[in-house]
Amino acid sequence: MDRFADFLRLQIDIDLELLRLARERAEAGTEPAAAHLRGFRECELKTRLLTTHRWCGRGSGPCDRLGESYPPEDERGCPTRALLGLPYADRPGYAPRWRP
Ligand SMILES: [Zn+2]
């Protein structure tokens with residue numbers, strides 16, 4: 001049902017895997033150590049936001065209570081979720097209708 005959220009979780013998982021590889025390169029001394037640290041924090045931020053807004057557009061999310069959610073047929077749920085998808089707009093599976 002929540003195709004957009006599933007897409008976002010997959011993209012975050014892909015980012016995390018790429019960051020794990022970067023961390024391995026850093027530990028091997030072939031890449032600066034700090035290169036991946038911010039990326040891990042950004043993934044945590046995205047995951048927390050997605051979790052907080054998981055029910056938006058279905059009547060019980062924080063944006064529903066504020067009257068800022070999208071209608072149930074809009075897979076994005078709310079403006080926060082739509083913005084979370086923006087960094088992944090060029091990845092396979094991103095639907096143009098998901099743009100904020
Ligand atoms: Zn929301």
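Author: Helices here are DSSP runs of at least four residues, and strands are runs of at least two. With that in hand, let's read this predicted model together.

Reader: Happy to. How many helices and strands are there in the protein chain?

Author: The protein chain has 4 helices and 0 strands. Read from the N terminus, the order of elements is α-α-α-α. As for dimensions, the C-alpha trace spans about 50 × 25 × 20 Å along its principal axes.

Reader: Before going further, where in the protein chain is confidence lowest, and where is it highest?

Author: Start with the whole: mean pLDDT for the protein chain is 93, with 98% of its residues at 70 or more. By element, helix 1 has the lowest mean, 94, while helix 4 (residues 79-85) has the highest, 97.

Reader: Now the interior. Which residues form the largest nonpolar core?

Author: The general idea is that nonpolar side chains tend to be buried together in soluble globular proteins. In this case, the largest nonpolar core consists of 5 residues: Phe4, Ala5, Leu8, Leu84 and Trp98. Helix 1 (residues 3-27) supplies the largest share of this core, with 3 residues. Across the protein chain, 17% of the 100 residues are buried.

Reader: Let me pick Leu84 from that core. What is leucine 84 in contact with, leaving aside its neighbours within four places in sequence?

Author: Leucine 84 is in contact with Leu8, Lys46, Leu49 and Leu50.

Reader: And what share of the contacts with a separation of 6 or more comes from residues 24 or more positions apart?

Author: For the protein chain, that share is 38%.

Technical notes
Residues are numbered from 1 along each chain as its sequence is written. This is a predicted model: local features need pLDDT of at least 70, side-chain atom pairs count only at pLDDT 80 or more; totals for chains, interfaces and linings use all residues. A residue is buried if 20 or more other C-beta atoms lie within 10 Å of its own, exposed if 12 or fewer, and partly exposed in between; C-beta atoms are placed from the backbone. Two residues are in contact if their C-beta atoms, placed from the backbone, lie within 7 Å. A nonpolar core is a set of buried Ala, Val, Leu, Ile, Met, Phe, Trp, Tyr and Cys residues joined through C-beta atoms within 7 Å. pLDDT is the predictor's confidence in each residue, from 0 to 100.
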